[in-house]
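Reader: Hey, got a minute to walk through this model with me? I'd like to go bit by bit.
Author: Sure, here it is.
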Amino acid sequence: MVNSARKIAFYYLIVGVTWIYFSDRALNYFFKNKDLHETYWDGTIKGILFIVVTSILLYQLIKRYFLALTKSERDYRSMFDANPNPMWIYDLQTLKFIEVNQAAINHYGYTRQEFLSKTVLEIRSDEEKERFLKDTNANIKKTSYEEPWLHILKNGQQIKVNIHAHEISYKGKMARLVLAVDVSEQLIIKEQLRQQQERLKAQNIKLLQSLEAIELHQTKLSNTQKIAKIAGWEFNLETETLEPNPGFLELLNLNKEEGSCLKILKTYITEEDKQKFEYFISSFNLGITVNECVVRIKKEQQLRYILFAATLKDPKKQKYCVEGYIKDVTEITLKDQLIHKTSERFEQLALSTNDALYEWEVNSSIIRLNGNIDSIMGYGVKEAIHPEKWWVDRMHPTDFIENDKLFREAVEQKQQTLKRKYRFKTLNGVYKLIYDQSIIKYDAQNELEKVIGSIQDVDEITKINQENKRLLDIISKVNNFIIITDVNGLIEWVNPAFTELTEYTLEEVKGKKPGPLLQGPESDKEVIMRISLALKEKKYFSEEIINYSKSGRKYWLKIDCNPIYDDHNNHVGFIAVESEITERKQREAKIEKQNEILKKTAWFNSHEVRRPLASILGIIELLKYEESDSTKEELIVLLEKCSEELDSAIKNAIHLTEFKEDEPLN
């Protein structure tokens with residue numbers, strides 16, 4: 001390069017000196033002017049001096065130009081070699097590799113010599129060679145492709161790449177510059193995301209089906225409780241407040257205010273039973289864990305017998321809390337009273353009840369059955385007489401041993417009543433759980449005379465209670481977290497998965513709205529508006545939104561929410577099944593950012609770099625034919641400015657390709 005500058009300056013010097021020296025002598029020869037002859041040497045010396053000075057200046061300018069051009073070429077070469085993605089140049093006529101960068105060598109496994117000995121067809125599968133040739137022979141060649149290309153590495157592994165290509169002139173040949181981006185891992189992640197979405201969709205369908213089954217069982221349990229006149233309640237010993245369920249209020253014919261205050265509830269208990277009820281409540285403070293009592297409640301001139309049964313909760317889990325159930329035993333109590341008054345009215349009483357009644361005459365070992373024995377035991381009759389052994393043979397062997405022991409102890413202690421549960425074999429051979437309430441009668445010598453009792457079929461309600469406990473255990477253990485609200489959107493219940501993700505306990509969120517509690521600064525306002533509108537219109541919705549835990553941790557959430565209706569199609573609340581999708585959102589954001597970087601890099605390569613480079617080439621062409629020194633100086637200034645623009649564009653392009661893993665992904 002320096003030698004070329006010296007040659008140009010030397011040729012210019014020889015030509016200039018020769019012209020000045022011989023042109024003056026030519027003028028002297030043709031014009032024979034004496035005055036001109038006298039100034040001959042002066043002009044010659046000045047001309048030669050001018051040529052020498054301009055030769056030196058020309059040499060310096062050409063040297064500077066070549067240095068700038070070399071730096072530009074070196075920078076451009078550095079951008080090609082240092083690109084983190086594989087790049088190569090191939091001849092459009094022979095399809096042979098002309099040049100490859102280090103990233104291509106590292107990624108594909110071939111050495112530079114191996115690359116330069118191959119054609120671009122040799123890194124493709126047989127299926128894609130035809131596609132490549134068709135694209136190469138097209139009149140208008142694409143610069144990028146929507147569908148990835150299949151390439152083969154030296155070790156035989158197949159990868160999928162996105163191609164960006166441009167036609168260029170390289171070393172006097174028509175060639176194509178190619179940038180290849182390996183998207184195999186991205187496609188695998190995308191496929192994994194698709195499969196995960198399919199699995200989540202299937203899980204959501206199963207969960208919805210499970211929720212429908214739970215709702216069906218809950219409805220069945222609710223109906224069974226109404227039929228059996230049973231309802232649940234909780235009582236706080238410290239604050240003396242009740243937490244009744246809707247069935248409790250309905251069963252006692254109370255409003256919400258009356259049902260949640262013990263003092264108000266006591267006003268409806270008859271004076272004779274108030275002391276009994278006081279002892280029942282205070283017994284739990286004395287350390288009794290299980291207790292029950294029957295009290296008479298009079299409201300609106302209606303007198304009913306209500307059984308209160310309760311259990312003290314584990315103090316470690318919930319201090320000062322009692323949970324239990326109430327049952328309207330008016331019918332049973334009145335029935336017992338009638339049995340106590342007279343056994344002669346046994347037949348009439350049997351006809352007026354839905355329970356099966358029996359009378360066991362101990363001396364004759366005969367059992368007389370009456371009432372609803374057909375539906376309970378399945379024997380097709382409303383009354384029957386059987387020997388004592390018939391009854392014993394149909395009791396479950398395990399239950400018989402326990403019940404026989406209880407009965408003998410009751411007789412020894414001269415108890416008047418006895419309540420038991422045992423399994424009884426029906427006509428079809430299936431055991432059914434029954435509830436037996438007995439009155440034990442003794443003769444004048446205080447010896448056992450007879451047993452009068454009633455039996456109820458409690459098999460169905462027992463199974464339903466067990467099934468509901470099992471379903472509650474299942475729903476408490478699912479990974480998705482579940483929120484149940486009332487009609488106003490206030491939280492009534494959440495499962496343990498909710499507490500694990502949000503760090504809020506049920507006690508902290510009960511009675512609050514999920515949105516204001518969990519949403520924060522980056523929660524999408526449009527999504528919040530859509531959720532509010534769906535809740536207002538009582539419609540199903542499925543949304544994805546950013547929420548915040550109690551400690552401020554940000555996470556993405558997918559919400560599927562359905563309105564809940566009762567048997568009469570009255571809206572009673574909402575149930576939301578939600579799952580965390582933070583990891584999926586982060587992967588999507590990372591892929592989107594990488595794609596944006598690739599787009600910007602391609603744009604810079606095709607626009608910001610080519611523009612100043614084209615200007616430099618144009619100025620060089622002008623310098624070849626420009627004779628004016630002032631114009632040349634202006635062109636050189638422009639050339640320096642274009643070189644600076646090219647250098648800045650290359651730096652920006654390199655900066656664009658820098659992907660920082662530690663940058664946050666929204």
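Reader: Where does Asn-446 sit?
Author: Asn-446 is in the loop between β15 (431-442) and β16 (448-457); strands here are DSSP E runs of at least two residues, numbered from the N terminus. Bear in mind that this is a predicted model, where local features need pLDDT of at least 70, side-chain atom pairs count only at pLDDT 80 or more, and totals for chains, interfaces and linings use all residues. Residues are numbered from 1 along each chain as its sequence is written, and side-chain values use heavy atoms, with hydrogens and water left out.
Reader: OK, and how far is Asn-446 from Lys-414 in space?
Author: They are 8.2 Å apart, C-alpha to C-alpha, with their positions 32 residues apart in sequence.
Reader: Switching topic: in what order do the five strands of the open sheet run?
Author: The order is β18-β17-β21-β20-β19, with antiparallel pairing; two strands pair if DSSP finds at least two bridges between them.
Reader: Which strands stand at the edges?
Author: β18 (491-494) and β19 (541-548), each with a single partner strand, so one side of each has no neighbour in the sheet.
Reader: And how many bridges join β17 and β18?
Author: Three, in the antiparallel sense. Thr-485 has Ile-491 in β18 as its bridge partner.
Reader: Last one: how many disulfides?
Author: Zero, counting a disulfide as a pair of cysteine sulfur atoms within 2.5 Å. Cys-321 is buried at 6% relative accessible area, and Cys-561 is buried at 4%; buried means under 20%, exposed over 50%, partly exposed in between, with a 1.4 Å probe and protein chains only.

How values were computed: Helices (H or I, at least four residues) and strands (E, at least two) are DSSP runs, numbered from the N terminus.
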